[in-house]
Amino acid sequence: MAELVMAAATPHNPLLWRAMREPMPDDLVAVEANFRRIREAIADAGVDTLIVLGTDHVRQFFSDNSPAFIVGRAASYHGTYENEVRTFGMEYAELTGSPELATQITGREVLPETIDFSVSHEWRLDHSFVLPLQYVRPELDLPIVPIHANSILPPLPTAARFAALGHYLRTAVESWDNDARVGLLTSGHMATDVGGPRTFNGSPDPEFDAEAVAWMRDGDLEGAIAGCRFDRIMAAGNVTYQYVNIVAALAAMQGRPAELAEATTSRFASSPFFLWGAAS
């Protein structure tokens, strides 16, 4: 059977692509080091397939049709979008899909009991998928299953639903009749505002960041679910809800404390970096 051998969470701020250049600016040295640590963890774990959990930024999925959880079942994917190349200097990416694992996750004929997934057979991936991959697996040689989790267009799934997603992904991987070594890569934000006076002015809510790091460091899944109420998380910043992608990773790793749990400071809002290895 397949095995879920690691999980990690990173930022997907596209501004990093222009800013992180040699010589590395002092305020981004720690950010680059944490990306490198996760890149090494993926290699050390022998990951051969990646589930990439991200949030499309209203590019592929719009308010007229915005399911909560969408699984990509395509054989290949293209990323990113022209404006992300033009504005942030990002590079286009061609990625191989894993329709077999996607079908294992969604079911071939009947959806699983836990999550009502939607399925996409044609999907152009934005920076929330492409940028983390370009930092932690720059070879872009691993087949992926992208999963869009709606944490941007209300009504949003609760944090408990993201935990259920994480639990289910582990079950789906472990019941896959395959010897694959699967990794889970997700991305999101700590307390972050985009637009307005709190943009690019450090963390708009250091108290939330401290709590959010502690949930992962201590393996406190129930605390994370309780602490990610919509009103609390939106008070921390208008795009902070994408932190709940990391709650899914904690659940997928059975609520174990993260080996790396950090809100890394820089010129931008604090960056999430979390890493779990396989259980010993």
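In the predicted model, R124 lies over the face of Y81, at 4.9 Å from the ring centre. A second arrangement of this kind involves R21, whose charged end sits over the ring of W17, 5.4 Å from the centre of that ring.

W17 also takes part in contacts between rings. The structure holds 13 aromatic pairs. One of them is formed by F35 and F273, which meet edge-to-face with 5.0 Å from centre to centre and 90° between the planes. F35 belongs to helix α2 (residues 29-44) and F273 to strand β11 (residues 271-277), so this pair ties together parts that are 238 residues apart in sequence. Both partners are shielded from solvent: F35 has a relative accessibility of 1% and counts as buried, and F273 is buried with a relative accessible area of 0%. Ring pairs join F35 and F273 with W17 and Y135 into a cluster.

A three-stranded open sheet with mixed pairing has the strand order β5-β4-β7. Its edge strands are β5 (93-96) and β7 (124-125), each of which pairs on one side only. The pairing of β4 (residues 76-79) with β5 is antiparallel and extends over four bridges. Within this pairing, G79 has A93 of β5 as its bridge partner. Helix α5 (residues 127-136) lies across β4, β5 and β7, and runs at about 85° to β5.

Strand β7 contains L125. The relative accessible area of L125 is 0%, so this residue is buried. Apart from neighbours within four places in sequence, L125 is in contact with Y77, H78, G79, T80, Y81, L95, V130, I144 and P146. Y81 in this list is the residue whose ring face is covered by R124, while G79 is the bridge partner of A93. By comparison with these contacts, the C-alpha atoms of L125 and G202 are separated by 28 Å, the two residues being 77 residues apart along the chain.

T186 is placed in strand β9 and counts as buried, at 1% relative accessibility. A polar atom of the T186 side chain lies 2.8 Å from the backbone oxygen of L53. L53 is also among the residues that T186 touches when those up to four places away in sequence are not counted; the others are A8, A9, T10, N245, I246 and A249.

The loop between β9 (181-188) and α7 (206-218) contains D193. Despite its place in a loop, D193 is buried, with a relative accessible area of 13%. Two polar interactions of its side chain were identified. The D193 side chain makes a polar contact with the side chain of R198 at 2.7 Å. In addition, a polar atom of the D193 side chain lies 2.6 Å from the backbone nitrogen of N238. With neighbours within four places in sequence left aside, the residues in contact with D193 are R198, T199, P204, G237 and N238. R198 and N238, the partners in the polar interactions, thus both appear in the contact list of D193.

Conventions. Residues are numbered from 1 along each chain as its sequence is written. This is a predicted model: local features need pLDDT of at least 70, side-chain atom pairs count only at pLDDT 80 or more; totals for chains, interfaces and linings use all residues. Side-chain values use heavy atoms; hydrogens and water are left out. Rings of Phe, Tyr and Trp (its six-membered ring) pair if their centres lie within 6.5 Å; planes under 30 degrees apart count as stacked, over 60 as edge-to-face and the rest as tilted. Helices (H or I, at least four residues) and strands (E, at least two) are DSSP runs, numbered from the N terminus. Buried means under 20% relative accessible area, exposed over 50%, partly exposed in between (1.4 Å probe, protein chains only). A charge sits over a ring if NZ of Lys or CZ of Arg is within 6 Å of the ring centre and within 35 degrees of the ring normal. A polar contact is a pair of N or O atoms within 3.5 Å; within protein, one must be able to donate a hydrogen and the other to accept it, and residues adjacent in sequence count only if both atoms are side-chain atoms. Contact means heavy atoms within 4.5 Å. Two strands pair if DSSP finds at least two bridges between them. Axes are lines fitted to C-alpha atoms, for helices over the stretch in contact, and angles run from 0 to 180 degrees between N-to-C directions.
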